Amino acid sequence: MADPAFTLVQLRYFVAAAEHGSMTAAAKSLLVSQSAISTAIAGLEHDLGVQLFLRHHARGLTPTRAGTAFLREAREFLSHAADLENVARGAGGDLAGELYVGCFATLAPFFLPGLITAFEKAHPATTLQVAEGEHSGLKAALRSGECELSLMYGYDLEDDIERVVVHRLRPYVIVSSEHRLARRKRVRLAELVETDQLILLDLPHTRDYFLGTVVDATGIRPQVRHSTPGFETVRSFVAHGHGFALLNQLPADDVTYDGGRVVPLRIQDQVRDLEIVLAWMKSTRLSRRARAFRHTVTGEFANMTSLHQKN
């Protein structure tokens, strides 16, 4: 078997240059000279026989098509190289190093801090690096290798993305504490749609999910009074009596940022739950750190579900 046409150092320098967009920034992050980065990448391109970057004067680096494909594989290769080192040093014991994961922006404040706490408590030598984003950005991060895993919603995932369902969210309604139906525990959507306007949480896919839920359950399309990408902005509009809203994340407090109050109501209609999944690329062999994080996530969500059922 022929020796590979690269070294681990070259791969590390290449990945750093791609992530920082310039050799100068990569050199600063790795505490090496810029010439070391430049020489390593030039040697890598020569030995592989491909151009990995387009060099732009005063505008840094852009990976070529070959460079983008190589970047994903290089990240995975370095991750498994770190696993191999950990096994050699600790005979398969404690995990160490960094793990890059993605998280859907609206899920992050509800679940991410607790998951990080549980994971780093179980594996104190590891560090989680998290990229928050929307659905399309998280899928792109998985495909580029920027993230090994991503906590996200289970819709619109292509066949190249593997996933495990970790939780299911039932949508609910919020109304103002002064609303005529505020003392009810349950409500039919038709009771609101026919008389009240909708405050819409307007995020990619979220808009279609909520409007689809209303249409599928009631056959009535609500009139949208305000739309906003801000979760707390939606709650504040509702607290001030501008309309009702559909949400699926339930904060611990009914008080809004400006001191108003909303009341959550269960939806009496049959509506579709929204799945939360942990996703990764089918073509990727997960590192030990990623597999450990997957174990933590599934365990923590199982505990949440168990406590919720008991209550």
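Modeller: Start with one definition. Helices are DSSP runs of H or I with at least four residues, strands are DSSP runs of E with at least two, and both are numbered from the N terminus. The model here is predicted, so local features need pLDDT of at least 70 and side-chain atom pairs count only at pLDDT 80 or more, while totals for chains, interfaces and linings use all residues. Residues are numbered from 1 along each chain as its sequence is written, and side-chain values use heavy atoms, with hydrogens and water left out.

Colleague: Let us begin with the sheet. In what order do the five strands of the open sheet stand?

Modeller: Strands of a sheet pair through backbone hydrogen bonds, either parallel or antiparallel. Two strands pair if DSSP finds at least two bridges between them. Angles run from 0 to 180 degrees between N-to-C directions, and axes are lines fitted to C-alpha atoms, for helices over the stretch in contact. Now the case here. The open sheet has the strand order 4-3-5-13-6, and its pairing is mixed. Strand 4 (126-133) and strand 6 (161-169) are the edge strands, each with a single partner, so one side of each has no neighbour in the sheet. On average, neighbouring strands of this sheet are turned by 20° against each other, direction ignored.

Colleague: In which sense do strand 3 and strand 5 pair?

Modeller: Strand 3 (residues 97-104) pairs with strand 5 (residues 149-153) in the parallel sense, over three bridges. Look for Val101: it stands opposite Leu149 in strand 5.

Colleague: Which strands does helix 5 touch?

Modeller: Helix 5 (residues 108-122) packs on the sheet and touches strand 3, strand 4, strand 5, strand 6 and strand 13 (274-281). The direction of helix 5 makes about 165° with that of strand 4. Contact means heavy atoms within 4.5 Å.

Colleague: Take one residue of that helix. Is Phe111 buried or exposed?

Modeller: Buried means under 20% relative accessible area, exposed means over 50%, and partly exposed is in between, with a 1.4 Å probe and protein chains only. Phe111 lies in helix 5. It is buried, with a relative accessible area of 9%. Leaving aside neighbours within four places in sequence, Phe111 is in contact with Leu151, His167, Gln249, Ile276, Phe301 and Met304. Phe111 and Leu151 are 40 residues apart along the chain, and their C-alpha atoms are separated by 9.5 Å.

Colleague: Next, a helix pair. At what angle do helix 1 and helix 3 cross?

Modeller: Two packed helices are described by the angle between their axes and the distance between the axes. Angles under 35 degrees count as roughly parallel, over 145 as roughly antiparallel, 65 to 115 as roughly perpendicular and the rest as oblique. Nonpolar means Ala, Val, Leu, Ile, Met, Phe, Trp, Tyr, Cys and Pro; charged means Asp, Glu, Lys and Arg; the others, Gly among them, are polar. Here the axes of helix 1 (residues 8-20) and helix 3 (residues 34-48) come within 9 Å and cross at roughly 110°. So helix 1 is roughly perpendicular to helix 3. Helix 1 brings Gln10, Tyr13, Phe14 and Ala17 to the contact. Helix 3 brings Ala36, Ile37, Ala40, Ile41, Gly43, Leu44 and Asp47. Sorted by type, the contact residues are eight nonpolar, two polar and one charged.

Colleague: How many salt bridges does the structure hold?

Modeller: A salt bridge is a side-chain nitrogen of Lys or Arg within 4 Å of a carboxyl oxygen of Asp or Glu. The structure holds twelve. In one of them, Arg143 pairs with Asp160, and the closest N and O atoms are 2.8 Å apart. Arg143 lies in helix 6 (residues 135-144) and Asp160 in the loop between strand 5 and strand 6, so the pair ties together parts 17 residues apart in sequence. Arg143 is partly exposed at 30%, and Asp160 is partly exposed at 31%.

Colleague: What about a pair inside one helix? Where do Arg235 and Glu232 lie?

Modeller: Arg235 forms a salt bridge with Glu232, with the closest N and O atoms 3.1 Å apart. Arg235 is buried at 3%, and Glu232 is buried at 19%. Both lie in helix 9 (residues 231-239), three residues apart, about one turn of the helix. Elsewhere, salt bridges that share partners join Lys139, Arg143, Asp156, Glu158 and Asp160 into one network.

Colleague: Asp156 is in that network. What is its phi near?

Modeller: Phi of Asp156 is near 50°, a positive value in a residue other than glycine. Asp156 lies in the loop between strand 5 and strand 6. It is partly exposed, at 40% relative accessibility. Leu31 also has a positive phi, near 60°. Leu31 lies in the loop between helix 2 (23-30) and helix 3, and is exposed at 77%.
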